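Hello,

Here is the structure I said I would pass on. Please look it over first; my notes follow below it.

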Amino acid sequence: MAQKRQRTGFIPLLIGPLSASLSGVFLGEWNVLLEMLKGKSIFNFSDLPGISIWHGLLWLVIGLAAGLVWTVWLAARKKPVRVDFLVWFIIFSYFAAWILGQGFINTYVFAGIFNQSGLIINVIFFGLALAGLILLLRSFRQKAPSFNPFWKSYLTIHLALLLAGLIVLLSPSDVRKDKLANEEPVLKLVTGDSSKNVILVIWDAVRADHLSCYGYPLKTSPFLDSLANQGVIFEQAMAASSHTVESVPSLLSSTLSSSHQMNDITSYLPSDLIIIPEVFKALGYNTVAFSFNPYFSPAYGYDQGIDRFFAPDEFSIKAYKTIFGHILDRSTRLAVVNQVLKPIYLLSQRLSTLSFGETELASTDPETMTKRMMNWIKNHAQKPFFLLAHLEGGHAPYLAPPAFVKRFWPEENLPEAESWPITFPQSLGLFLPFREGPAVAEADRQKMLALYDAKILYHDYWLGQLIEFLQEERRLKDTLLVVTADHGEEFYDHCGWGHGHSLYQELTHVPLIMAGEGLLPTGLRIKGPISMLDLFPTLYHLLGMNEVLSLSYTLEGEDLSQALVQKKEPINKKPICLELTQGSRRSKSLINYPWKIIHSVFSSEEVTELYNLADDPQEKNDLSVICPKEKEQLLISLQKIITRAEEKMFKSQRRWISPSEKEKLRSLGYID
Ligand SMILES: [Zn+2]
C-alpha cells in the first residue's frame, strides 16, 4: 500500500492523454455514424494522414491538459492518493473493449451499408456499455473513493462527447450537407414522378466492334442485339478513359478525369462528387451494386449512395473512413494478428450476414453474379430500384465455359486460357505510342480473340437470362435497361495488349444500348459520337427527375433525352474529351467528328496525332503533319476544356494499399 501511495502525479499524466485519445477515437466513430446516417460530418476527413494527425494531436493536447490540471490539483491537495491498479486495468480494458467493439461493428458489420437494424445493434451496444460503466462507477465509489477525482474528469469528457454526438444525431437532417458550395442542398429529396426501375450493366473491357449489333461478323451478342432492336443503340459511344479507375468515375459522375482526379490505385471517390446512384437514393429508390472489380467497390468509396454493395472479399468492406478501419485493415492483414482476429472477424461477418445477408462475392463469373442480382430483385419488390452491375465482360483472363469457346474455336483442342496477354509481363506498363508490347504469332492472337469473343458471348447469355427473368417477374416493362462497357480491349491493333495504355478507338469505342418500354423509341440508331459522360444527364432527364438535381457544379455531359424521344440525332454536339493517366504518362484526346486528336506526354517527350475517323476508323494514318491547321485548332480546344475541368477540381482523396491488396491488383493485371 505504501508503495502505491507514492505514485501520484505521474500516472494521471500518462493516463489522462491515453483516455482522452480513446475518447477522441470514440468521437471519430460518432463522426462515421453521423456521416453514414445523416450524410453530414463533424469533421472533414479529407485523407488518412489528416485524420490521424488531427485526432492524435487534438486529443493528446486535451489529454495533456486534463492530466496536468489533475496533477496540479493533486499536488495542491498535499495528500497521497491511492491508485488501485486492478481498478485501472479493469476500467481501461472495459473502455478499450467498448470502443474497439464500436469500431469493429461500425467498420465491419455495417461496412458502409447502414440501415435501421444496424442502428439498433449500435444503440444496444452503446446502451450495454453505458449500463456497464454506471455499474463500475457505483462499485468504485464504495471500494476506491480516492479514485473519484480522475474518474470524474474522465467521465465528464466522455459524457460530454456522448451528449454532443446525441445532439448532432438528433438534430434535423439535410442530405449530404457537406457537399454544399452555396448553402443550397445539392440533392433535394422530392417525390419523383418516376417509378421505373433502372438496371445499369457495365461490362469491363468490351470493345464495341466485337459485338454483332456493332457489325462484328461473328455472333457474339444475340441477346444484346435483340435488346438494341427494342431500344436505342449508340453507334459511337466514347468511354472517358481506357481503364476502369479513370473511366467509371467519369461515367458515374459526368465529370472529366481532370476534375475528379480518380486515376490510380490509390484514388478514392471525392466526397463532394455526386454519382448517379446518389440521385436515385435521394429519390427513395433501393440502390444496389454488384461488382467484380476492386476499382469499383466500397474500398474505393463507391458505396456513396448505394444501400447494398456486393463485391469481392476485402473490397466489399469500407474500412477506409474510420480510425478503426485503418487499424483493423492494416492489422488483419498481418498473419499473426489475423489468426487472433479471424474468429472475431468471422463472428462479425455472421452478424453482418444475419442483418444484411451476404455482401461478399466468392465468385465473379456472370452466372453467379446474375443469379445474385435476380435473387436481390426478387426480394426487393416494394420500391423502385436502381441496380448497377459491373461485370467482367471481356476482361482478362479470357475464361468462359467450353460450350461458349467452341462456338469460336470449333477445333478439337480448345485454346488454353493462359494465352491471354496479361501473362506476358512485358504487356504491362505499355504506353502508346511510346512503349509497344511484344508481338505474338498470328495463330496465338486468333486464339486470344476466340477466347475473348467466347467470354463476351458468355456474358451476353447471362444478360439474356436476366432479361428473361425480368419478363417472367413482369418487371421488364417497368425497367429501363442500360448496357455499356467501361472501355475496350486491345489485341495488338496499335502494338499493345490489354487496356489502359492508349486512347485509340479499340480502347475507347464502347457499346451503349438503352431500352425501356414507354420511355424510349424502339429500333433507334444514334449514329454520331456521344460521350459516356452524357449518360448521367440523359438518364435523369429521361426519367423526369429534373428537379431532384440541383448541383453546385455543372455536369460535363450533355442531355440527349430530347433527341432520343424525338428519334433524332443530337444536334450541336460538343467535342468529346478523353483522358488517360498512368503516373507521369498522360494522354488527352478530343473528338470533333470526323477529327480526333491524341496528345500524349511521356517524360519529356510529347506526341500529337490526328486522325480522320470517317475515312480511317482504325486510326492507321496519322494526319498531324498533313493537316496542321486542324491539329492546331483541336489542340487549342482540348487545352481549353482541360483548363476548365481543372478549375472545378473535387476534393481528391487517396487510400492506403496493403501488400496483399497490391498482390490482388497485380494478379488482375492492374499494376506492374
Ligand atoms: Zn475496366
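What share of the contacts in the chain with a separation of 6 or more comes from residues 24 or more positions apart? The share is 72%. Please keep in mind that this is a predicted model.

The chain has 672 residues, of which 44% count as buried. Its secondary structure comes to 20 helices and 18 strands.

I then looked at one helix, α7, which covers residues 222-230. Its buried residues are Leu-224, Leu-227 and Ala-228. Viewed down the axis of α7, these fall within an arc of 105°, so they line one face of the helix. The general background is that an α-helix has 3.6 residues a turn, so residues three or four places apart point the same way.

What do the buried residues of α7 pack against? They pack against the helix α15 (442-472) and the strands β2 (232-238), β8 (479-485) and β12 (512-515).

Next, the pair α7 and α15. Two packed helices are described by the angle between their axes and the distance between the axes. Here the axes come within 7 Å and cross at roughly 50°. That crossing makes α7 oblique to α15, because an angle between 35 and 65 degrees is neither roughly parallel nor roughly perpendicular.

On the α7 side of this contact are Pro-222, Phe-223, Leu-224 and Leu-227. They meet Asp-460, Tyr-461, Leu-463, Gly-464 and Ile-467 in α15. The residues of the contact divide into seven nonpolar, one polar and one charged. Leu-224 and Leu-227, then, are buried residues of α7 and also take part in the contact with α15.

Regards

Terms used: Residues numbered from 1 in each chain as written. Predicted model: local features only at pLDDT ≥ 70, side-chain atom pairs only at ≥ 80, totals over all residues. Helix = DSSP H or I, 4+ residues; strand = E, 2+ residues; numbered from the N terminus. Buried ≥ 20, exposed ≤ 12 C-beta atoms within 10 Å, placed from the backbone. Contact = placed C-beta atoms within 7 Å. Arc of directions from axis to C-beta. Axes fitted to C-alpha atoms, helices over the stretch in contact; angles between N-to-C directions. Parallel < 35°, antiparallel > 145°, perpendicular 65-115°, else oblique. Nonpolar A, V, L, I, M, F, W, Y, C, P; charged D, E, K, R; others polar.
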